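Trainee: I would like a close look at a single part of this structure. Please take one helix and describe its surroundings in a connected account.

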Amino acid sequence: MNATTATIPFETRGAGAVPLESSADLSPSKGVVGMTCLIIAESAIFTIFVVAYLYYLGKDLSGPTPRQVLDLPILNSICLLSSSATITFALRSLRNGNRKKFNFWWLVTIALGAYFLLGTGREWHHLIHDKGLTIQTNLFGTTFYSLVGLHASHVIIGLLALSIVMAFAITGAVKREHAERVHVLGLYWHFVDVVWVVVFTVVYLIGR
Amino acid sequence: MNGRVTTGDIGTAIPLGPIAATDKTIFDHIHSWLVTVDHKRLGLMYIIYALVFFVVAGIEASLIRIQLATPNNHFLSPQVFNQLFTMHGTTMVFLVGMPMIFGFANYLVPLMIGARDLAFPRLNAFGFWLSVFGGLLLYFSFIGGEGMAGAGSAPDVGWFAYAPLTGKAFSKGHSTDYWILGIMIGGFGSIATAANIITTILSMRCRGMTLAKMPLLAWLNLIMCGMVLIAVSPLTAAQIMLLLDRFAGSHFFDTQAGGSATLWMHFFWIFGHPEVYVLIIPAFAFASEIIPVFSRKAIFGYPVMVGATLAIAFVSLSVWAHHMFTIGMTSTGNTFFAISTMMVGIPTGIKIFNWLGTMWGGKLRFDTPMLFSTAFLFQFLIAGLTGIMLAAAPFNWQLNDSYFVIAHFHFVLVGALIFMIFAAVYYWFPKATGRLLSERFGKWHFWLFLIGFHMTFVTMHVPGILGMPRRIYTYEAGRGWGIWNLVCTIGVAFQVIGTLIFVINILLSLRKGRPAGNDPWDAWTLEWSTSSPPPEYNFAEIPTVKSRRPLWDIKHPSDPDWKYE
């Protein structure tokens, strides 16, 4: 009789996950739906910033232009995007009950994210000190720092959340039954990575 | 019995009688409200919060109307007038409309879908207190915001805060920053609560309640919350940009450095137009619950009602630039936005016909909730008709930013939304308090407010057509606007008295109202199956439903709905 409630075709729980609050029914997981809502709202915010970036492209009254100062952050991007894979490995390990492996892949994910952030910091330092581009310089500076900065701030929030899980994992508090919650956090991290694909395309490919 | 809540979870925790109140001080009570995560208490706090600001913004509107009652009036200074119309609009949309609809959604959605609370109760409390903080921050500007006029200055840039007026050069001091931050923080609360309600509806319905068996109120709130996610966020984004402009020296809306004032208009109305539907869809939701009960018929065309609401939500995302016909778009742009705006009229018309179809042949009972709902139908129709008029770009060029527009959207927001909020308060007050509101006071409230509303807002169309622009603080005597404005202002007095009777009715009925029982209206949805007020856990046993009207099935076991659905 519970089959009637399963009207939403969400893939909500992985194979090995232990359901948290409800047992027999098939309604979508609260965490996944809640996180999906957050991601939809965040996507709308990013959309507006991307639209502003594209709208102001080439409308600067003074230099420098993107082509003059921007370099492609290839290594950075590889690091961030591969962290989406490592967090999946971590989650799979947790679902299989292999906590050591989980800790390893989780740490790698954090390291890759941190490296990305470091790379952004170095890029900004270079732009500000060597190229003289600040948020006040021109429209390019305005839209560049705000869009990339908005994404970087999401990476920071993601890293904080990942680090909290890491702290729990080191003390042994993250167990197999928490896979569902870790999965929800993983969705956020994937989202941050997907946004980077968009930002990279807009800022470094289309805009440059 | 292996449903989503096992009896072991609640077993002994259910208090069997009223919790011993004797040894509790007043501070214990206040404390228990401050730290509550119960959706019903948070819902009530949202509604009370909204009612308080409704009175505040109403006072602001009354001051505006007094100023405009006669030509060459100097009751208010131009500076104060600017602050008042800014704060009136901002307050009514963000501190009255939004908390009011979230309050009702909070209170009703779990009860109507047979759940014990929202999906994330602590997030719910967080969202509410964020909204409160945002509202208080905005109002703190009256004493703390240093504006052009010196210490203590509220925002005066209009509720849509057009650039470049909001730039540092033209809005000195911090009054505009209070506007940005207050609204932005409230927006975070709205997004959090919307996500919470969506999750509750998708994940926590009781057994048997498929999406197609949900009460329409739950459906419409689901759609409304989905719109909040994609409509409020663009405003947040634009406000972040404006903050960067004001504090970091960026140039998003700085026309001196190549920035675009038009872009702010686009961003604002990408939020602003769907926001109108965010506010009005809950009014539809109330109507869809109240009209059937007082017509003694099931809602006419349930699936079409859901479909029409989805269509409204979808189309409303592509109509925003009808607020901007006068900026000079291409004829393609004008045509697109005119047609898309007029298309909203189709699903809206379907809804009105369905409500009429529900009433048609029904055994109508005109208690106060039904009176307000009936007035809503007429007034919303008129609002829609002037909306179609304004959607025609050439007509709009004549009347944009005139009092005709003001009259139009007050027909939507007062004539439809506020009327349905009143209806909803009369309808669900007995559930929340266990006592009925007085019908006698209710009828006085209804008729006075109805007369006042029409005196003010029907009349207001005329000075608009005669060319009176919005936001002017006074006008010359020879324009022919004087008499119309005077009638508008007299209408306000009726509305004020009506609202006063409403407030008195609430305060009196709380103490002396007729006891309501569980189900005073002989209604059919799940909230009426539990006690009034409902216990903290809502349902001692999670119900199982078989149709859209579970209580009808219980009351008429020989002729249940599920045979026909």
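Mentor: The account below follows one helix of chain B, namely helix 14, through its packing and its core. Please note that the model is predicted.

Two packed helices are described by the angle between their axes and the distance between the axes. For helix 14 of chain B, which spans residues 403-433, the partner considered here is helix 4 of chain B, residues 78-112. The two axes come within 12 Å and cross at roughly 35°, and the crossing of helix 4 of chain B past helix 14 of chain B is left-handed. On the side of helix 14 of chain B, the contact is formed by B:Leu413, B:Leu417, B:Ile421, B:Ala424, B:Trp428 and B:Ala432. Helix 4 of chain B answers with B:Met92, B:Gly97, B:Met100, B:Phe104, B:Tyr107 and B:Leu108. Sorted by class, this contact holds 11 nonpolar residues, one polar residue and no charged residues.

The view can now be widened to the nonpolar core. The largest nonpolar core has 223 residues, among which B:Met420 and B:Ala423 touch the most other members. Helix 14 of chain B gives the most to this core, contributing 23 residues.

B:Ala423 deserves its own list of neighbours. Leaving aside residues up to four places away in sequence, B:Ala423 touches B:Phe286, B:Ile290, B:Pro369, B:Phe372, B:Ser373 and B:Phe376.

In summary, helix 14 of chain B crosses helix 4 of chain B at roughly 35° and supplies 23 residues to the largest nonpolar core.

Key. Residues are numbered from 1 along each chain as its sequence is written. Chains are lettered from A and ligands numbered from 1 in the order in which they are written. This is a predicted model: local features need pLDDT of at least 70, side-chain atom pairs count only at pLDDT 80 or more; totals for chains, interfaces and linings use all residues. Axes are lines fitted to C-alpha atoms, for helices over the stretch in contact, and angles run from 0 to 180 degrees between N-to-C directions. Helices (H or I, at least four residues) and strands (E, at least two) are DSSP runs, numbered from the N terminus. A crossing is left-handed if the near helix is turned anticlockwise from the far one by less than a right angle, and right-handed if clockwise. Two residues are in contact if their C-beta atoms, placed from the backbone, lie within 7 Å. Ala, Val, Leu, Ile, Met, Phe, Trp, Tyr, Cys and Pro count as nonpolar, Asp, Glu, Lys and Arg as charged, and the others, Gly among them, as polar. A nonpolar core is a set of buried Ala, Val, Leu, Ile, Met, Phe, Trp, Tyr and Cys residues joined through C-beta atoms within 7 Å. A residue is buried if 20 or more other C-beta atoms lie within 10 Å of its own, exposed if 12 or fewer, and partly exposed in between; C-beta atoms are placed from the backbone.
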